[in-house]
Amino acid sequence: MSIVQITSLKKYFDSVRAVDGVDLAIDQGEFLVILGPSGCGKTTLMRMIAGLEKPTAGHIEIGGEDVTDLPPRKRGVSMVFQSYALYPHMNVFNNIAFPLRAQRRELKFDKRAIREKVENTARVLEIDSLLDRRPRQLSGGQRQRVAIARAMVTQPSVLLLDEPLSNLDAKLRANARDELKDFQRSSNITAVFVTHDQIEAMGLGDRIVVMSEGKIQQIGTPQSIYDDPANEFVATFLGSPSMNILSAKRFRFGFRPEHFLPKTLHDNPENSRIFHYYVKRVEYLGSDRLVYGYVQGHERELTLAKVPSNVRVSLDIEGDYEFAVHNRDIKYFDNISGQRIEQQSLAQAF
Amino acid sequence: MSLLSWILQNFWALLVLLFLALVALRIAWRIHRFGATRAEFVYILRRSPFYLVVLTFCFFAAAPFLIMFMHTFKTDGDLYRRPQPFVFRQDPTLEHLDALFNNTAYLEFIRNSVVVGIAVVIITLALSLPAAYALARLTGRWGERAGILMFLVYLVPPTLLFIPMFRIVVLLGLKDDPMSLIVVYPSFTVPFSMWLLSGFFKAVPPELEEAALVDGYNRVEAFLRVVLPLSLPGIISTIVFTFTLTLHEFIYGLVFIADTSQRTLSVGVPTELILGDVYFWQPLLAAALIIAIPVGLAYNLFLDSLVQGFTMGAVKG
């Protein structure tokens, strides 16, 4: 059952088309990640769901109700901002209680009910010892938890998260990611998470929405998006290092560096395509060797190979080798539109 | 009186003694805290020049007020016989203070000034808080232009405006009434406060307001509960500035009000205590000093937020 239904949503800022016709259904209890490069419209899309931005055209339904023209407070959503936006003049307790006090009029919360709810939420997020502190006395990780607690305390139908992990250092980020996912799963809340970090997206999302230039490029599980990109943008945006793209006469084709391996490592070379590969440089990255070089016939297009370090193949600089890619790992794209072409239809075209 | 005159006659000696006592106390405290070691004395000696410089500056800053204070108690004979500000050659007298409070409407001037000041502060805040907020958030071409336009109003000098303003005051039937000043003063306090406040509002991240909107508040509530508390230093500086602006305004106060008992301090004191070319120096100085002290204290108390107000305006225009 979808809890958020977005239909042909558009937002233009003067001549800039920030969001340009988005259709999206978000399911109850899912963790949806909106992924895209900066300026792709993902934050604008989220702000429109929250009600902070008025759409130029299109509709948003939350819980079956059309909320397109409703202010944020009447939408039953809450949001964690990139900067956390904690109120600096209130202590942690009052920060978390702030949304409850707004609802007090309708829901008749008394002081004790508020205290109870705040303390329960704080306990779940393990910040119950910090309730008397001011935001500036907290570390980045603690601030993030307070922001999530403030967003969760009203039990919203949708939790919106705008790059909440980007202000944490790398070590803390992995930890926070893990906790966030656990927390979402145990509370069974619908979460929409905006990020430009593909590792975050792959690790957190039940489904990922890849956006570029205001449009949705592909929606799917992390695996389907990685293995089955709908177009060249999605193929190259995901994966590090990104997919190698080589030009042919009437199409382009690509393969991921980790699938581009010395021929001897392929147990079934008949199903593979063989390339003559000239090695220019080798980077040793611990678990992998990253090889920079050129494929014969494509000397202008730098091609990378990611060879696991535990594979005992010597790769010398300025050496020529035979590399191979399994046929199923080669993706074909239209020369002009960049859309994915199935191999069969390609065979017919030849 | 004898104690006061003794204090006044030995004023400078007492001041030096007080200072020495403070220094001794400070040194004693340090020794008590850190022990009478050689290093401690070296430290004290090394710091002394710094305090000497500070003291010199303090003296220069305070000297006018000290001289005003002493002159208040001088007899005419002492004051006009070859000026000698630092010593009493005749016994100090309270007659000038007595004249100030009993022969002039000084207390009424104070009352009028305070009433006008407070009323103008309230009107100014009521008008400039929402206006400054709108200017701070209304970015883009029109917001900026509107801001500049409104600030231009502040630059039109009262010397140009007092005649047309006087017509309006008469038309409103407010001549000789401090009410006229309450009506007119916001014409220059509002643009100034708006400029000052919008700098503070701009410094509040819009995300905080958006968070409040998502948390279930409307825009007015978000402003009252989040933006306003965070702009408190700006509001305090606005109050202090507005109050002092009204306190030293002269030309409107002079033109609109002819009735002595209705005048404010800045007009009443010079018109009552300067007759032609006769200056009644002692009560003049006393009147100025009495009102300067609370204002000075207020400035000092809010010094940090005042400085912040100025620099913020300087950076953000």
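## Helix α4 of chain A

Let's start with who is buried in α4(A): the list runs A:Arg143, A:Gln144, A:Arg145, A:Val146, A:Ala147, A:Ile148, A:Ala149, A:Arg150, A:Ala151 and A:Met152. That's ten of the helix's 13 residues, so α4(A) counts as mostly covered. Keep in mind that you're looking at a predicted model.

Does the helix span agree with what its residue count suggests, and what should that span be? At 1.5 Å a residue, the 13 residues of α4 (140-152) in chain A should span 18 Å. The C-alpha atoms at its two ends sit 18 Å apart, which agrees.

## A sheet of five strands

Now for some strands. Strands of a sheet pair through backbone hydrogen bonds, and they can do so parallel or antiparallel. In chain A, five strands make an open sheet, and if you walk across it you meet them in the order β13-β17-β14-β15-β16, with antiparallel pairing. At the edges are β13 (261-262) and β16 (298-308) of chain A, each of which pairs on one side only.

Take a look at β15 (residues 288-295) of chain A: eight bridges tie this strand to β16(A), and the two run antiparallel. You can spot A:Tyr294 standing opposite A:Leu302, which belongs to β16(A).

## A sheet of four strands

Chain A also has an open sheet of four strands, ordered β11-β12-β18-β19, again with antiparallel pairing. Here the edge strands are β11 (244-247) and β19 (340-341) of chain A, and each has a partner on one side only.

How many bridges join β11(A) to β12 of chain A? There are four, linking β11(A) to residues 251-255 of β12, and these strands run antiparallel. Across from A:Leu246 you'll find A:Phe253 in β12(A).

## Where chains A and B meet

The contact between the chains draws 18 residues from chain A and 14 residues from chain B. On the chain A side, β6 (77-80) and α2 (92-107) each supply at least two residues. The largest share, four residues, comes from α2(A). Sort the chain A residues that touch chain B by type and you get 13 nonpolar, four polar and one charged.

## One residue in chain B

Over in chain B, B:Glu95 is part of helix α5 (residues 95-103). Is B:Glu95 buried or exposed? B:Glu95 has 12 other C-beta atoms within 10 Å, so this residue is exposed.

Finally, compare B:Glu95 with B:Thr124: they are 29 residues apart along the chain, and their C-alpha atoms are separated by 40 Å.

Key. Residues numbered from 1 in each chain as written. Chains lettered and ligands numbered in written order. Predicted model: local features only at pLDDT ≥ 70, side-chain atom pairs only at ≥ 80, totals over all residues. Expected span 1.5 Å × (residues − 1). Buried ≥ 20, exposed ≤ 12 C-beta atoms within 10 Å, placed from the backbone. Pairing = 2+ DSSP bridges. Contact = placed C-beta atoms within 7 Å. Nonpolar A, V, L, I, M, F, W, Y, C, P; charged D, E, K, R; others polar.
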